[in-house]
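Here's a quick tour of a two-part story: some packing first, then a couple of residues worth a closer look. Pull up the model and follow along.

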Amino acid sequence: MEVASLYREPDATAERVAPALEMLDVFRIFSSGPVETVALRGLSMEVAEGEIVTVMGPSGSGKSTFLHLAAGLDVPSAGEVRSFGQPLGRLDEDDLARYRSHRIAIIFQSSNLWPVLTAQENVETSLRLAGADDVRRRAVAALAAFGLSDRGRHRVSALSGGEQQRVAIAAAAAREAPLVLADEPTGELDAGNEQKVLDALRRLRDDHGATVVIVTHSPRLASAADRVIELRDGRAA
Amino acid sequence: MSAPLLRCHGVSVEYGHGDARVVALREVEMTIEPGERLALVGRSGSGKTTLLHVIGGLVSPTDGIVEWKGEPLSTLDVAARGRARAAGIGFVFQGSNLFPHLSAFENLAFAARASRNDRPGPGPSDLLALVGLAGKADSLPGELSGGEGQRVAIARALAQRPELLLCDEPTGHLDSDTGERVLDLIDSLQSQFGFSLVTATHDPDVAARSTREVELEDGSIVREGTFA
């Protein structure tokens with residue numbers, strides 16, 4: 001006799017939409033001898049695909065720890081981090097390295113680039129490290145998309161801070177990283193350059209389909225985001 | 001009134017000694033009735049998993065008594081406890097914990113034989129069909145997706161023909177859509193076979209599928225409630 005399945009298979013045509021980033025009851029506790037510091041205590045949050053979200057909070061609220069966990073650079077003491085439905089805790093070191101090189105881009109406050117290489121060479125190198133082919137054409141296209149064509153042959157040490165950040169964003173776009181994590185990306189910029197970087201981050205979402213998570217103190221960046229997540233004492237306030 | 005399937009009376013569990021002493025459970029009182037759906041909820045570290053392991057006989061309480069159908073489980077010797085567990089209690093963990101070198105079918109067949117019970121029930125092939133994996137009988141766990149592995153783990157637990165199924169964050173490693181489908185499957189199987197179901201979870205949506213919930217905090221039961 002035929003036994004019927006009680007499992008309801010997913011509708012093949014229905015698209016499954018997992019959030020770009022999820023934290024589920026995440027704890028991160030740092031131990032130094034007998035001293036324990038709780039950086040995150042039960043953080044739960046999610047970022048939908050295509051959102052631009054800023055994460056704000058006072059120093060010590062857990063922002064950097066949050067970013068490191070999202071980037072797979074650190075692992076939670078308890079709870080789970082998922083990216084596009086994939087629990088990062090299930091990935092081994094090789095998979096995590098692939099996650100960091102293929103699925104995300106991280107933009108720090110500064111020093112995202114190799115200073116002795118040109119802007120063009122920087123974007124090409126980050127593409128090569130991600131295993132991409134056709135790196136020359138893609139790098140040229142990405143720099144053009146972010147208004148940096150005339151800077152392609154300059155060493156990045158000769159570029160302004162704002163231009164350097166935009167080159168880093170162009171590299172993220174060239175790699176087609178679906179999730180971009182930025183840590184105070186305008187921390188060292190004046191208001192005019194901050195606006196340009198913000199425009200570039202928006203373009204990353206609008207034209208390249210990226211989800212963008214920005215950790216920042218800047219009220220200007222926060223006001224331009226779709227949503228603000230406040231961290232306070234290791235939790236979403 | 002019939003006796004509960006399982007009863008915890010004054011159950012405490014402590015790990016370590018002296019300064020390193022950790023109290024995982026404090027004087028827990030609870031019962032599990034035949035056929036009920038119970039959720040154990042609470043934050044990470046609240047004692048959910050320890051309680052589940054005590055119920056399943058994997059951990060002996062430091063203090064107190066666990067009774068299985070009126071028989072004190074904790075005074076049985078280790079071998080007897082293993083037999084009680086194999087015969088009556090099935091486990092589904094967060095990860096599927098299948099034997100990696102055995103096929104899906106062999107994983108089920110092994111569990112069925114290890115349970116040594118004579119209750120009637122479906123065999124390995126029918127169980128795989130019930131969880132929608134008739135076509136994967138010969139697959140090794142490494143060849144299955146996370147959701148498929150978890151369905152094999154559920155089928156394997158049922159191969160023991162349990163009267164009590166214990167699930168520890170059964171969808172913790174699955175994306176939310178696959179998780180929903182796996183929970184629907186567990187509910188359907190429970191309706192069909194009538195075993196008691198205890199699920200430890202930190203997810204309120206998962207807990208809401210139960211008829212009753214018990215909330216733990218720092219190893220104590222702080223709240224009990226029923227779902228309409």
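Which residues are buried in helix 4 (residues 135-145) of chain A? In this predicted model, the buried ones are A:Val135, A:Arg138, A:Ala139, A:Ala142 and A:Leu143. Look down the axis of helix 4 of chain A and these buried residues fall within an arc of 130 degrees, so they line one face of the helix. What they pack against is helix 3 (119-129) and helix 5 (161-174) of chain A. Just after helix 4 of chain A comes A:Gly147, with a positive phi of about 65 degrees.

Now for the cores. The largest nonpolar core has 38 residues, and A:Val123, A:Phe146, A:Val167, A:Ile169, A:Val180 and A:Leu204 are the ones with the most contacts inside it. Plenty of chain A elements chip in: strand 6 (104-107), helix 3, helix 4, helix 5, strand 7 (179-183), helix 6 (191-206), strand 8 (211-215) and helix 7 (219-224) each supply at least two residues. Helix 5 of chain A gives the largest share of this core, 8 residues. Take A:Val123 as a sample: setting aside neighbours within four places in sequence, A:Val123 is in contact with A:Ala139, A:Leu143, A:Val167, A:Ala171 and A:Ala174. Apart from this core lies another one, of 29 residues, with B:Val131, B:Val152, B:Leu165 and B:Ile186 among them.

Over in chain B, two residues deserve a stop. Here is how they score for burial:

| Residue | Relative accessible area |
|---|---|
| B:Arg37 | 16% |
| B:Pro124 | 19% |

B:Arg37 sits in strand 3 (residues 37-41) of chain B, and at 16% it counts as buried because the cut-off is under 20% relative accessible area. What does its side chain reach at 3.3 Å? The backbone oxygen of B:Asp187 is the partner there, and a polar contact of 3.3 Å also joins the side chains of B:Arg37 and B:Ser191. Not counting residues up to four places away in sequence, B:Arg37 touches B:Asp187, B:Gln190, B:Ser191, B:Leu197, B:Arg209, B:Ser210, B:Thr211 and B:Arg212.

B:Pro124 belongs to helix 4 (residues 124-130) of chain B, and it is buried too, with 19% relative accessibility. Beyond its neighbours within four places in sequence, B:Pro124 is in contact with B:Phe105, B:Leu108 and B:Ala109. Between the C-alpha atoms of B:Pro124 and B:Ala134, 10 residues apart along the chain, the separation is 9.6 Å.

Notes
Residues are numbered from 1 along each chain as its sequence is written. Chains are lettered from A and ligands numbered from 1 in the order in which they are written. This is a predicted model: local features need pLDDT of at least 70, side-chain atom pairs count only at pLDDT 80 or more; totals for chains, interfaces and linings use all residues. Side-chain values use heavy atoms; hydrogens and water are left out. Buried means under 20% relative accessible area, exposed over 50%, partly exposed in between (1.4 Å probe, protein chains only). Helices (H or I, at least four residues) and strands (E, at least two) are DSSP runs, numbered from the N terminus. The arc is that of the directions from the helix axis to the C-beta atoms. Contact means heavy atoms within 4.5 Å. A polar contact is a pair of N or O atoms within 3.5 Å; within protein, one must be able to donate a hydrogen and the other to accept it, and residues adjacent in sequence count only if both atoms are side-chain atoms. A nonpolar core is a set of buried Ala, Val, Leu, Ile, Met, Phe, Trp, Tyr and Cys residues joined through side-chain atoms within 4.5 Å.
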